[in-house]
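Me: Please take a close look at the salt bridges in this predicted model. I would like one connected account of which side chains pair and where the partners sit.

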Amino acid sequence: MSSKFKGNLDDTDLFIIRRLCEDSNTSLAAIGEELNVSPSTIHKRICRLKDGGIIERFTILFDPSILELNTIAFVGIELERSAMVGKKKEEVINRLLALREVLEIHETLEPFDLMLKLRTRDVDLLREVIGNISAIDGVMATNTILTTRKILETPLKYDNLKEV
């Protein structure tokens, strides 16, 4: 749980989170009606969840093929020993954050130090982006896994939330 959040998540909080994961455009009135509480109560709960860092942001999912972003790859990065901690590691991560093709960055344990998710319009651009990543000071090696088909992409499996 977020270190900023004060208190515990109750069944009402979990219900609100589950509904917003299903459809973030669900009205406060509709959620309130399901819970038999006022929309203002739902609004206050959502504000508390946002302020506490439980809800990080509201966003949309759209079909990336509209922008011709059809190539997805996962890139494992091995860092040089000097870039494993401290300022140099921060510099590597900041350089990665600046690349618009990088959608996700995860710190991992073996066999890589970082795992990235990239999306580009084609393999040629992907090759260029990976070259740029490889040239970052502190990056020792990269290993790319090119996907062939997206089967599922979701921000959260909300079924895992405790049923209310």
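Reply: In this predicted model, a good place to begin is arginine 45, which forms a salt bridge with aspartate 10, their closest N and O atoms being 2.8 Å apart. This pair links distant parts of the chain, since arginine 45 belongs to helix H3 while aspartate 10 is in the segment before helix H1 (11-22), 35 residues apart. Aspartate 10 is partly exposed, its relative accessible area being 30%. Both residues also belong to a network of salt bridges that links Asp10, Asp13, Arg45 and Arg48.

Another pair is made by aspartate 137 and lysine 88, whose closest N and O atoms are 3.5 Å apart. Here, too, distant parts of the chain are linked: aspartate 137 lies in the loop between helix H5 (123-134) and strand E4 (139-146), and lysine 88 in helix H4 (residues 86-97), 49 residues apart. Lysine 88 is partly exposed, with a relative accessible area of 22%.

Helix H4 also holds lysine 89, whose side chain meets that of glutamate 107 in a salt bridge at 2.5 Å, N to O. Because glutamate 107 lies in strand E2 (residues 102-107) and lysine 89 in helix H4, the pair ties together parts that are 18 residues apart in sequence. As for accessibility, glutamate 107 counts as exposed at 59%, whereas lysine 89 is buried, with a relative accessible area of 15%, under the 20% cut-off for that class.

These pairs are among the 11 salt bridges found in a search of the whole structure.

Conventions
Residues are numbered from 1 along each chain as its sequence is written. This is a predicted model: local features need pLDDT of at least 70, side-chain atom pairs count only at pLDDT 80 or more; totals for chains, interfaces and linings use all residues. Side-chain values use heavy atoms; hydrogens and water are left out. A salt bridge is a side-chain nitrogen of Lys or Arg within 4 Å of a carboxyl oxygen of Asp or Glu. Helices (H or I, at least four residues) and strands (E, at least two) are DSSP runs, numbered from the N terminus. Buried means under 20% relative accessible area, exposed over 50%, partly exposed in between (1.4 Å probe, protein chains only).
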